[in-house]
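Here are some exercises to work through with the structure open beside you. Try each task before reading its solution.

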Amino acid sequence: MAVAEETQEKAEIVQQADGPPAQKPWIPTVIAQDLHIVYRVYGGAKGKGSATAALNRIVRRKPGGGVREVHAVKGVSFTAYRGQAIGLIGSNGSGKSTLLRAIAGLLPAESGHVYTNGQPSLLGVNAAMMNDLTGERNVVLGGLAMGLSREEVAERYQSIVDFSGINEKGDFITLPMRTYSSGMAARLRFSIAAAKNHDVLMIDEALATGDKKFQRRSEKRVRQLREEAGTVFLVSHNNKSIRDTCERTLWLEKGELVHDGPTEEVLKEYEKFTGK
Ligand SMILES: Nc1ncnc2c1ncn2[C@@H]1O[C@H](COP(=O)(O)OP(=O)(O)OP(=O)(O)O)[C@@H](O)[C@H]1O
């Protein structure tokens, strides 16, 4: 649901106590309002989720094995503003990726709302790339898929390859993606996504997979993307990445937003919680 004008109008109204200071013309880019996301796993009840059990039910024309619900995001509300980099932290399974997928419009809300200004782009470790195609072809296809023209892709091609560092140890860009290590593939995905300015860019763990040098380069690019007036969300289990990149952090636990505030403040609480 893109309601650009509406969110822009709300800019003045949404200056709550935990929101941004009043001096800048703060423009909200993402508003989540009491958002609930529920997954439904069909045939998941009483261990009847296997393919054999499903085939058995079809052959015997018996009703399905029931539906199990996973309430992954519970009543999350926040407003993100243009120019902010926001970290998303929390234990495994706390709902971080689910929240990003919902913001990207890939999952429907059970109840509540998500309003976005512009089209959010989700860059996840599982983002689709064609494994049998070369890195080179993936750069072109990825660029076109993001809405760049052929000329723009051609113009940016070399800087994308250079940024990814894929060719630092030989001519890997002309090899199929399936021959890349997971770190190399993640670097290429990030480099393609970072070649364009996004209204809202959401990065799911991509930075953690690169080596130290690439991490520094990508953190710098995230800062630039923010300055170019976008909003960046970063999911990471690497607290240092969050500290170096984000000034605001949301902490999710069991689907609930337990803390939303300045990164240092939230991380202090989180590190107490995790014992680190
Ligand atoms: N496709 C799905 N179908 C059913 N349940 C799912 C699905 N994807 C995630 N879940 C469940 O939703 C909850 C939140 O998962 P999610 O992947 O959003 O967590 P996360 O915080 O990103 O975890 P991690 O840090 O391990 O990546 C978990 O309980 C998970 O089992």
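**Exercise 1. How many bridges join E8 to strand E9, and do the two run parallel or antiparallel?**

Solution. Start with the pair itself: in this predicted model, E8 and strand E9 (residues 256-262) run antiparallel and are joined by 6 bridges. To fix the register, take Trp251, whose bridge partner in E9 is His259. Now look at the turn: the hairpin of E8 and E9 has 2 residues between the strands, and Lys254 takes a positive phi near 50 degrees there.

Next, find the other pairing of E8. Strand E3 (residues 85-89) pairs with strand E8 (residues 248-253) in the parallel sense, over 4 bridges. Here the register can be read from Gly87, which has Thr249 as its bridge partner in E8. As background, strands of a sheet pair through backbone hydrogen bonds, either parallel or antiparallel.

**Exercise 2. Work out the strand order of the open sheet of 3 strands, then place H3 against the sheet.**

Solution. Write down the order, which is E2-E1-E4, with antiparallel pairing. Then ask which strands stand at the edges: E2 and strand E4 (111-116) each have a single partner strand, so one side of each is left without a neighbour in the sheet. From one strand to the next, the twist averages 25 degrees.

For the pairing of E1 with E4, count 5 bridges between these antiparallel strands. One of the pairs to look for is Ala32 with its bridge partner Val114 in E4. Finally, add the helix: H3 packs on the sheet and touches E1, E2 and E4, while its direction makes about 70 degrees with that of E2.

**Exercise 3. Which elements each supply at least two residues of the shell around the ligand?**

Solution. First list residues around the ligand; among them are Tyr39, Val41, Val70 and Ala72, as well as Lys96, Ser97 and Thr98. The list also includes Gly90, Asn92, Gly93, Ser94 and Gly95.

Second, assign them to elements: strand E1 (28-42), strand E2 (67-81) and helix H3 (96-103) each supply at least two. The largest share, 3 residues, comes from H3. Third, sort the shell by class, which gives 4 nonpolar, 7 polar and 1 charged residues.

**Exercise 4. Describe how H5 packs against H4 and against H6.**

Solution. A reminder before you begin: two packed helices are described by the angle between their axes and the distance between the axes.

Step one is helix H4 (residues 135-145), whose axis comes within 10 Å of that of H5, with a crossing at roughly 125 degrees. Angles of 65 to 115 degrees count as roughly perpendicular and those over 145 as roughly antiparallel; H4 and H5 are therefore oblique to each other. Their crossing is right-handed. In the contact, Val139, Val140, Gly143 and Leu144 of H4 meet Val153, Arg156, Tyr157, Ile160 and Val161 of H5. By class, this contact has 7 nonpolar, 1 polar and 1 charged residues.

Step two is the other partner: helix H5 (residues 150-164) and helix H6 (residues 182-194) pack at about 140 degrees, with their axes 8 Å apart. H5 and H6 are therefore also oblique to each other. H5 passes H6 in a right-handed crossing. Ile160, Phe163 and Ser164 in H5 meet Arg187, Leu188, Ser191, Ile192 and Ala194 in H6. The residues of this contact divide into 5 nonpolar, 2 polar and 1 charged.

Technical notes
Residues numbered from 1 in each chain as written. Predicted model: local features only at pLDDT ≥ 70, side-chain atom pairs only at ≥ 80, totals over all residues. Axes fitted to C-alpha atoms, helices over the stretch in contact; angles between N-to-C directions. Parallel < 35°, antiparallel > 145°, perpendicular 65-115°, else oblique. Left-handed = near helix turned anticlockwise from the far one by under 90°. Contact = placed C-beta atoms within 7 Å. Nonpolar A, V, L, I, M, F, W, Y, C, P; charged D, E, K, R; others polar. Pairing = 2+ DSSP bridges. Near = placed C-beta within 6 Å.
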